[in-house]
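Visitor: Can you walk me through this one? I have the sequence and the coordinates open.
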Amino acid sequence: MSYKFEEKLVSSTKYNIKCPYQMTPKYVVIHDTANLASAYNEIAYMTRNNNQVSFHLAVDEEYAIQGLPFNRNAWAAGDGGNGNGNRNGIHIEICRPTHSNRDLYNKAEENAVYVAARLLYKFNLNISRLKKHQDFSGKKCPNLILSENRWENFKYRVDWVLSEIKQGNIEADLACGSTSLKDKNQFKSFKVKIICDSLNVRKEASFDSKVVQTVKKNEVFTIVDEKNGLYKLKSGVGWISANSKYVKKL
């Protein structure tokens, strides 16, 4: 899977409305749009109106569209003219959260994981600087992720991609659009050792997939694939977390 990156920046004549202040980003802030619209439509509406409402990127199942320069602020956090979110955050809107086709939203969310990780890397920010809209104003946003109690899962996925970028396994360039590991078709198997007390084995390469069994501390397994922050066991039983907090490469 991959996304197409495009710049559709607001006219500089509207900077005084949409993004009046210079900014050195300190946070990457996640929202969802609470509607059906595509990334193109979200950015087009934001850039053409004259309201003091703005955000840097909209991400859907196919596109990541940039509407504001990353060195200028946005009015998205709801914490006032001098608010930490409004003045120091790069704001990402995840599209399609209310669409009847959940697959569209799932793809948009996965694309947003990679966009967020690449932005953290670009601005030398660690995972503690990934925030949700709610952190700044108390608003329940990103609504779908929070309603399903998945914020820590989302954050974990971003952290995994960030670590893979740092290791050179995933492209760092935001405009690259790839959400795949480099040389994925030439995957070289390796062994890992479980370093936590127990770890879930999931049927599919998703943290939402059914848990089929658990593995225990100090057990060693051969890994034959890697996807979405999980390792595939050679036995074919399923997938385990690739997080270095839980497994160690041998």
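Visitor: Which residues of helix H2 are buried?
Guide: In helix H2 (residues 39–48) the buried ones are Ala39, Glu42, Ile43, Met46 and Thr47. Buried means under 20% relative accessible area, with exposed over 50% and partly exposed in between (1.4 Å probe, protein chains only). Helices (H or I, at least four residues) and strands (E, at least two) are DSSP runs, numbered from the N terminus.
Visitor: Why do they line one face of the helix?
Guide: Seen down the axis of H2, the buried residues fall within an arc of 115°, so they line one face. The arc is taken over the directions from the helix axis to the C-beta atoms.
Visitor: And what covers them?
Guide: The cover includes helix H1 (15–18), strand E3 (57–59) and strand E4 (63–66). Contact here means heavy atoms within 4.5 Å.
Visitor: Is this a model or an experiment?
Guide: This is a predicted model, where local features need pLDDT of at least 70 and side-chain atom pairs count only at pLDDT 80 or more, while totals for chains, interfaces and linings use all residues. Residues are numbered from 1 along each chain as its sequence is written, and side-chain values use heavy atoms, with hydrogens and water left out.
Visitor: OK, the sheet. What is the strand order?
Guide: E1-E4-E3-E5-E2-E6, an open sheet of 6 strands with mixed pairing. The edges are strand E1 (4–7) and strand E6 (130–132), each pairing on one side only. Two strands pair if DSSP finds at least two bridges between them.
Visitor: How many bridges join E2 to E5?
Guide: Strand E2 (residues 27–32) and strand E5 (residues 89–94) run parallel, joined by 6 bridges. Histidine 31 is opposite glutamate 93 in E5.
Visitor: Which strands does helix H4 touch?
Guide: Helix H4 (residues 102–122) packs on the sheet and touches E2, E3, E4, E5 and E6; its direction makes about 165° with that of E5. Axes are lines fitted to C-alpha atoms, for helices over the stretch in contact, and angles run from 0 to 180 degrees between N-to-C directions. Helix H7 (residues 151–166) also packs on the sheet, touching E2, E5 and E6, at about 155° to the direction of E6.
Visitor: Changing topic: what does tyrosine 231 stand opposite in E12?
Guide: Isoleucine 240. E11 and strand E12 (residues 239–241) run antiparallel, with 3 bridges. Tyrosine 231, in E11, is also the bridge partner of glutamate 226.
Visitor: Which residue has a positive phi in the hairpin of E10 and E11?
Guide: Asparagine 228, near 55°, in a hairpin with 2 residues between the strands.
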